[in-house]
Amino acid sequence: MSDAALNRIRHAFLFILCLIMLVPFYIAVVNAFKPKEAIVANPMGIPLADLTLSNFAKVAVTPTFNIFQAYGTTAIITAASIVCLVCLGSMMSYVMARTKHPLMTGAYLLLLGGMMIPPQVVLIPIIKLLRALGLMFTETGLVLYNTGWYIPFTAFIFTGFIRTISKELDESAMMEGANVFRIFWQIIFPILKPPTASVVIFLFLFVWNDFLNPLVLLGSTKGYTVTTGIYLAIGQYSTNWDEIFALVLLASLPVLLVFLFMQRYFVSGLADGAVKG
């Protein structure tokens, strides 16, 4: 079989796979603009005659769930977590990438081992630690947990990219009298736009869509995030599909906007940070 035929088969397979993966998103979008009766009658149909925006108006004023309050809480937690992870992870990765020592290599491998631990395994120790520090049921405690949990992934992306940057930049800056802190923030960090974009997109997706950790660590008495708020508003036996799909679409919208805004750095950041690392 020729290479052209193989490429056509590969492209057809990827196209079909993309369509399958887009089916849930399509169902959520089309049903968010349909009344409940139309959803039950034809959940896959496009709302040409039944198009409505009332679903979004209903979920915006529901007494049990304020989507704008959830946006604010989730945005603060997500932004604080990403800032901490990018700053700490990039500086840590710079040291690991530039230090050639067996102990540093072992520390890096040990850090990456944290990516293979299920989050449920460490949840109870984290709860005990946050209680001892007085940070249980606080946004600060959840941000600290996110920072500690996602630091291996952040270091994995940044370290691989920094290793591709020539050390001559560091040496030239040192000859000019710059210290390590200045070298990193004024020379190295501006070069890290591709991996930073990849890290921000993934971390935004992870933290924004997280359900279990905000439910347990933040609790229901100290506010709610988008995911926990939807869970509390819908309940276990709700059949208000018009409100459910509207909430799901509103919850997914910020992630889509962040990805569209930073997508030009996404692929190059993953390729240079992960493959070359």
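Throughout these legends, a residue is buried under 20% relative accessible area, exposed over 50% and partly exposed in between, using a 1.4 Å probe and protein chains only. Please keep in mind that this is a predicted model, in which local features need pLDDT of at least 70 and side-chain atom pairs count only at pLDDT 80 or more, while totals for chains, interfaces and linings use all residues. Residues are numbered from 1 along each chain as its sequence is written, and side-chain values use heavy atoms, with hydrogens and water left out.

**Figure 1. The whole chain is built from 13 helices and zero strands.**
Helices (H or I, at least four residues) and strands (E, at least two) are DSSP runs, numbered from the N terminus. The C-alpha trace spans about 70 × 65 × 35 Å along its principal axes. Of the 277 residues, 39% count as buried. A contact here means heavy atoms within 4.5 Å. Take the contacts between residues at least 6 apart in sequence: 75% of them join residues at least 24 apart.

**Figure 2. Confidence along the chain has a mean pLDDT of 85.**
pLDDT is the predictor's confidence in each residue, on a scale from 0 to 100. A value of 70 or more is reached by 91% of the residues. Residues 273–277 are a place for care, with pLDDT under 50 throughout. For this stretch the model has 13 contacts beyond four places in sequence.

**Figure 3. F189 and F184 form a tilted aromatic pair.**
Rings of Phe, Tyr and Trp (its six-membered ring) pair if their centres lie within 6.5 Å; planes under 30 degrees apart are stacked, over 60 edge-to-face, and the rest tilted. For F184 and F189, the centres are 6.0 Å apart and the planes meet at 55°. How exposed is F189? With a relative accessible area of 23%, F189 is partly exposed, whereas F184 is buried at 3%. Both rings belong to a cluster in which ring pairs link Y94, F181, F184, W185 and F189.

**Figure 4. F153 and F202 meet edge-to-face.**
The whole structure holds 15 aromatic pairs. In this one the ring centres lie 5.5 Å apart with the planes at 70°, so the pair is edge-to-face. F153 sits in helix 7 (residues 139–162) and F202 in helix 10 (residues 193–208), so the pair links distant parts of the chain, 49 residues apart. F153 is buried, at 14% relative accessibility.

**Figure 5. The charged end of R163 sits over the ring of Y108.**
A charge sits over a ring if NZ of Lys or CZ of Arg is within 6 Å of the ring centre and within 35 degrees of the ring normal. Here the charged end of R163 is 5.0 Å from the centre of the Y108 ring.

**Figure 6. D242 and K58 form a salt bridge.**
A salt bridge is a side-chain nitrogen of Lys or Arg within 4 Å of a carboxyl oxygen of Asp or Glu. The search of the whole structure finds two of them. In this one the closest N and O atoms are 2.6 Å apart. D242 lies in helix 13 (residues 241–275) and K58 in helix 3 (residues 54–60), so the bridge ties together parts 184 residues apart in sequence. D242 is buried at 6% relative accessibility, while K58 is partly exposed at 35%.

**Figure 7. R98 and D170 form a salt bridge between helices 4 and 8.**
The closest N and O atoms are 3.2 Å apart. R98 is in helix 4 (residues 67–98) and D170 in helix 8 (residues 168–175), 72 residues apart. Are these two residues buried or exposed? R98 counts as buried at 17% relative accessibility, and D170 is buried at 5%.

**Figure 8. F204 is a buried residue of helix 10.**
Its relative accessibility is 13%. Leaving out residues up to four places away in sequence, F204 touches T78, I82, N209, P254, V255 and V258.

**Figure 9. F137 has a positive phi although it is not a glycine.**
Most residues other than glycine have a negative phi. For F137 the angle is about 65°. F137 lies in the loop between helix 6 (123–133) and helix 7 and is partly exposed, at 34%.

**Figure 10. C84 and C87 are too far apart for a bond.**
A disulfide is a pair of cysteine sulfur atoms within 2.5 Å, and the whole structure has zero. The closest cysteine sulfur to that of C84 is in C87, 7.3 Å away. C84 is partly exposed at 30% relative accessibility.
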